[in-house]
Structure formats: C-alpha cells, structure tokens
Amino acid sequence: MLNERKPIAVTEAIQRVCDHTVTGETEYVALSESYQRVLAKDILADHDVPAFDRSPYDGYALRAQDTPQANENNPSVLEIVGHIGAGSIYPNRLEEQQAVRIMTGAQVPTNADAVVMLEDTEMFEEKGKRFVSVRKSLNRHDNISFRGEDIKKGKVLVEKGTVINPGITALLATFGYADVPVTKKPVIGVIATGSELLEVDQPLEPGKIRNSNAYMIMAQIKRAGAIPKYFGQLTDDLPESLEKMTEVIKEVDFLITTGGVSVGDFDLLPEIYQEMQANVLFNKIAMRPGSVTTVATLKDQILFGLSGNPSACYVGFELFTKPIIDSYLGKKAIGNQKKHAKLAVVISKDNPFDRFMRGTYSIEHGELSVRPAGKDKSNMVHSLAAANCLIQLPGGSNGYVKGSQVIIHILE
Ligand SMILES: Nc1nc2c(c(=O)[nH]1)N[C@H]1C(S)=C(S)[C@@H](COP(=O)(O)OP(=O)(O)OC[C@H]3O[C@@H](n4cnc5c(N)ncnc54)[C@H](O)[C@@H]3O)O[C@H]1N2
Ligand code: MOO
Ligand SMILES: [Mg+2]
C-alpha cells in the first residue's frame with residue numbers, strides 16, 4: 001500500500017495525466033447528428049459560394065449601359081425578355097435594351113451586369129410586348145452577389161478539432177457533407193464505492209446516504225462530450241471490488257471511481273491499484289478540494305480515483321478528466337476555458353493550498369465578476385448546483401479582498 005503520500009503541485013499533477021493522452025479514431029455521423037461533435041478533418045471549400053453571380057433583390061437584371069442618366073422624369077425603357085425565380089436560369093444573352101425580370105437568389109443572365117430593384121421600376125404592356133421603365137441609372141456591378149464573394153474555393157473553412165455549432169452545420173450542409181467526419185467519443189466507466197451508499201430510488205436509512213457522485217459525474221462526462229457507462233456501486237469489499245474493476249476496464253476507454261482514495265481503513269482504491277498493477281501517477285496534490293485525488297494508468301487506459309466528497313469529486317473531474325476527454329476528442333482547446341474575473345466579495349479564509357472554489361460568474365458593468373456559489377467545504381453538495389465556474393485561488397494567501405483579479409475556469 002502507498003502509505004506515504006507526497007503532495008505534488010496541481011500543475012504537475014495535470015501534466016502527469018496529460019502525458020498519457022490518447023486520441024480517438026474518426027467516425028462518420030449523419031449531419032443532423034453532428035451538432036456539438038468535434039470535427040476530425042478540416043472543412044475545405046470545394047466550390048465557390050455563391051457558385052454563380054446571383055441577384056440579391058427582386059427586380060430586373062439588365063445592362064447598366066442601357067440606363068444612362070435614367071431618373072424619375074426620364075426613365076430608360078427596356079423590353080422584358082424573360083422571367084426567372086431562384087433555381088431557374090435565363091438561357092440567352094441579353095441584347096441591347098433588354099431586361100429579365102429576376103427574383104432574389106436567381107442566377108444573373110449572361111451579359112447582364114446590374115440589377116435594379118423592383119421598387120425603382122414600373123412595368124407596362126404595349127402591342128403584346130412587356131416593357132419596364134427604369135427610374136434609376138445603374139452602374140456596372142450594381143446589386144449583384146458575385147460568385148465566390150461569400151467563400152472562395154480552396155479555403156479551409158473550419159479546422160479539425162473544432163466543436164460543431166449551428167453555423168458550422170450550415171457550412172457542412174453547403175458543402176454537401178451528408179456524413180460528417182468527427183472524433184469518436186470516449187466511453188468512460190463510472191463506479192461509485194462505499195458501503196454507505198444507497199441508490200437514488202432507495203429510502204434513507206440510518207448512517208447511509210444516497211449516491212450523488214455517480215450521477216453528477218455522468219452528467220459531467222456528458223457535458224464534456226463523452227459517453228458515460230455506469231457500472232453501479234461497490235461496497236467496501238476488496239475481492240469483489242477488484243474483480244469488478246478488472247472486468248469493467250475491458251469495456252471502457254477510461255474508468256472513474258468515486259470514493260475510497262484516502263487513508264481510511266475502508267479506502268480500498270490504493271490496494272486495488274496495486275493488485276491490478278496499475279501505475280499510480282500521484283495520490284496527493286497540494287490543492288483543495290480533492291487533495292487525495294489519485295490517477296493511475298493501466299497500459300493506455302487511465303483510472304481516475306476521484307474523492308468521495310462530492311465537491312472534491314466534481315473538481316477532480318474538471319481538472320484531470322476533462323483535459324483527457326478533450327485530447328481524446330482531438331479538440332483544439334484542452335481543458336476548461338480560463339478567464340480573468342473580479343471577485344465580487346471578500347474571501348477571508350486562509351488559503352495555504354491552491355483552491356478551486358465553486359463559483360458563479362456574471363457580467364457586471366461590462367466586466368466578468370465572480371462570487372462563491374455557496375459554502376465551499378469539500379463534503380458539501382449544495383454549492384455545486386449554482387456553480388458555473390471554478391475560482392482558482394493560488395495558495396499561500398490569507399484571503400482576497402473584494403475586487404481582486406482571479407482566474408476562473410468556465411464550466412457553463
Ligand atoms: N486522515 C485523513 N482523513 C482524510 C483525508 C486525509 O488526508 N487524512 N483526506 C480527506 C479528504 S481531503 C477527502 S476529500 C476525503 C476523501 O475520501 P475518499 O476519497 O476516501 O472517499 P470516501 O472515504 O469513500 O468518502 C468520503 C465522503 O464522501 C462521501 N461519498 C462517497 N461516495 C459518495 C457518493 N457516491 N455520493 C455522495 N457522497 C459520497 C462519503 O460518504 C464520505 O462522507 O477523505 C478525507 N479524510
Ligand atoms: O480532497 Mo479533500 O476534498 O481536499 O477535502
Ligand atoms: Mg475515505
């Protein structure tokens with residue numbers, strides 16, 4: 001058993017975990033299923049957008065030179081030789097003093113070099129022919145959406161590693177990606193440990209608590225873009241726990257356990273790791289909460305031994321598991337986004353170790369402002385509900401005055 005524990009700095013702990021990243025394979029999913037997945041290949045424009053010169057207005061396509069000095073009192077009169085909506089084309093060249101009635105999005109006929117808006121014209125019929133009076137002089141290229149003005153062929157539009165948002169979905173559709181190359185989501189096993197645990201549907205019993213960690217972690221796994229696989233609860237029984245973990249590790253990419261990593265008589269994880277011949281990367285970190293968070297590797301798999309205390313468990317996931325998921329997904333940005341924010345309140349507590357406090361940030365007077373989400377003890381659960389960030393408070397201080405600049409890790 002690893003009795004003597006040497007605390008390491010949190011940055012060192014994160015580094016040790018990140019030295020073991022594995023990148024997931026590429027798979028193809030239907031475009032309609034690709035939202036929030038991570039692109040596995042760059043999106044390249046294989047054609048111009050628009051792919052043809054088109055009209056941005058409902059009106060008439062014409063040759064600008066046929067409207068010299070046209071105005072209200074002296075309109076240019078052109079013969080209407082065609083009528084096209086978006087999706088149709090006028091197959092001929094425009095000759096002198098001719099116009100084609102055109103709708104928004106339709107291809108501008110060959111030889112036409114301007115479009116006049118319907119509002120600047122009047123149509124009339126004479127001797128079975130239709131004409132349009134144009135009350136405005138047009139210049140060449142007036143009111144034309146040119147081929148390639150939106151996107152030029154050959155351009156890299158979105159780089160691999162980007163999370164697909166609705167705008168990217170529009171690009172994917174524009175370029176015909178019926179199936180989208182995305183990185184596979186890792187499957188992450190979840191096991192809760194502790195003889196005190198009841199499942200959520202069980203009534204409370206003396207000395208027992210409901211298992212909240214497993215469900216919290218599964219939600220965090222989903223928020224991070226991975227797939228949770230729940231293997232239930234284990235009582236503090238070594239042979240049974242060892243057997244279960246040895247079994248489930250075969251079914252997942254990574255495994256998270258919660259609880260049992262400290263130095264208590266029923267904290268079995270240190271022994272389980274030893275029996276499994278897992279390589280423990282660290283089992284003590286100079287941070288709060290989550291000081292006893294333990295991470296071990298087993299071949300190319302990672303075992304995350306998160307604390308049993310709910311807030312320590314939550315923080316341990318965000319600091320150590322989230323970056324591994326991001327790397328597996330091939331994301332460009334690894335780990336939660338960090339920003340500077342101003343403390344909206346005094347934090348008077350002594351802070352000997354780096355602390356990751358559950359926080360709530362908002363924008364006040366145009367600036368990011370942050371406050372604790374509730375009481376910050378690691379065995380408490382209430383403050384997690386209001387947390388949309390973690391406030392990083394470097395160790396070695398005896399508190400922070402209101403208005404101090406701090407770094408926050410954005411969760412939502
Ligand atoms: N002598 C020492 N005692 C403790 C130390 C230490 O360094 N020396 N570390 C403390 C710290 S810090 C933490 S955090 C906890 C870590 O405990 P474990 O990871 O071993 O977790 P457990 O002992 O199993 O449980 C701790 C606590 O959390 C509750 N729990 C456990 N699982 C769940 C769950 N699934 N859902 C909700 N709550 C859960 C459990 O009932 C305990 O109350 O150790 C300190 N002790
Ligand atoms: O891991 Mo403990 O949460 O530092 O209190
Ligand atoms: Mg314990």
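Helices and strands are here DSSP runs, of at least four residues in H or I for a helix and at least two in E for a strand, numbered from the N terminus. By this numbering, Asn 143 belongs to the loop between β8 and β9 (156-158). The model under discussion is predicted, and Asn 143 is one of several loop residues in it that will be taken up after the overall form of the chain.

The predictor reports an ipTM of 0.98 and a pTM of 0.93 for the complex. For the chain, the mean pLDDT is 97, and 99% of the residues reach 70 or more.

The chain contains seven helices and 24 strands. Its C-alpha atoms occupy a box of roughly 105 × 50 × 40 Å along the principal axes. The radius of gyration is 32 Å, whereas a compact globule of 412 residues would have one near 22 Å. Of these 412 residues, 36% count as buried. Among contacts with a separation of 6 or more, 70% join residues 24 or more positions apart.

The domain assignment divides the chain into four parts. Domain 1 is made of two segments, 10-24 and 184-328, and domain 2 likewise of 27-47 and 157-183. Domain 3 covers 59-134, and domain 4 covers 338-410. Between the C-alpha centres of domain 2 and domain 4 the distance is 36 Å.

Val 406 gives a view into domain 4, whose bounds are 338-410. This residue is part of strand β24, which runs over residues 405-410. Is Val 406 buried or exposed? A residue is buried if 20 or more other C-beta atoms lie within 10 Å of its own; Val 406 has 20 such neighbours and therefore counts as buried. Beyond the residues up to four places away in sequence, Val 406 touches Ala 341, Leu 343, Val 370, Ile 391, Gln 392 and Leu 393. Val 406 also lies 5.6 Å from His 340, C-alpha to C-alpha, although 66 residues separate the two in sequence.

The loops show several backbone features of interest. Most residues other than glycine have a negative phi, and most peptide bonds are trans. Lys 127 is not a glycine, yet has a positive phi of about 50°. Lys 127 sits in the loop between β7 (121-126) and β8 (129-134), and counts as exposed because only 5 C-beta neighbours fall inside 10 Å. Asn 143, also not a glycine, has a positive phi of about 60°. With 16 other C-beta atoms within 10 Å, Asn 143 is partly exposed.

The loop that holds Asn 143, between β8 and β9, also holds Ser 145. Ser 145 has 18 C-beta neighbours inside 10 Å and so counts as partly exposed. Which residues does Ser 145 contact, leaving aside its neighbours within four places in sequence? They are Pro 50, Asp 53, Arg 54 and Pro 56. In the case of Pro 50, the C-alpha atoms are 7.7 Å apart, while the positions in sequence differ by 95 residues.

Pro 50 is itself found in a loop, the one between β2 (43-44) and β3 (59-62). The peptide bond that joins Val 49 and Pro 50 is cis, with omega about -10°. A cis peptide bond also joins Arg 288 and Pro 289, where omega is about -10°. Pro 289 is placed in the loop between β17 (287-288) and β18 (294-298).

Both partners of this second cis bond, Arg 288 and Pro 289, are among the residues around ligand 2. The others in that shell are Gly 290, Ser 291, Val 292, Ser 307, Asn 309, Ala 312 and Ser 378. By class, the shell around ligand 2 comprises three nonpolar residues, five polar and one charged.

Around ligand 1 there are 27 residues, of which Asn 213, Gly 259, Ser 262, Ser 307 and Gly 308 come nearest. Ser 307 appears around ligand 2 as well. How many residues of each class surround ligand 1? The shell has ten nonpolar, 15 polar and two charged residues. Helices α3 (213-223) and α6 (310-328) each contribute at least two residues to the shell around ligand 1.

Conventions: Residues are numbered from 1 along each chain as its sequence is written. Chains are lettered from A and ligands numbered from 1 in the order in which they are written. This is a predicted model: local features need pLDDT of at least 70, side-chain atom pairs count only at pLDDT 80 or more; totals for chains, interfaces and linings use all residues. A residue is near a molecule or strand if its C-beta atom, placed from the backbone, lies within 6 Å of it. Ala, Val, Leu, Ile, Met, Phe, Trp, Tyr, Cys and Pro count as nonpolar, Asp, Glu, Lys and Arg as charged, and the others, Gly among them, as polar. The radius of gyration is taken over C-alpha atoms; the globule rule is 2.2 Å times the number of residues to the power 0.38. A residue is buried if 20 or more other C-beta atoms lie within 10 Å of its own, exposed if 12 or fewer, and partly exposed in between; C-beta atoms are placed from the backbone. Two residues are in contact if their C-beta atoms, placed from the backbone, lie within 7 Å. pLDDT is the predictor's confidence in each residue, from 0 to 100. Domain bounds come from an automatic or database domain assignment.
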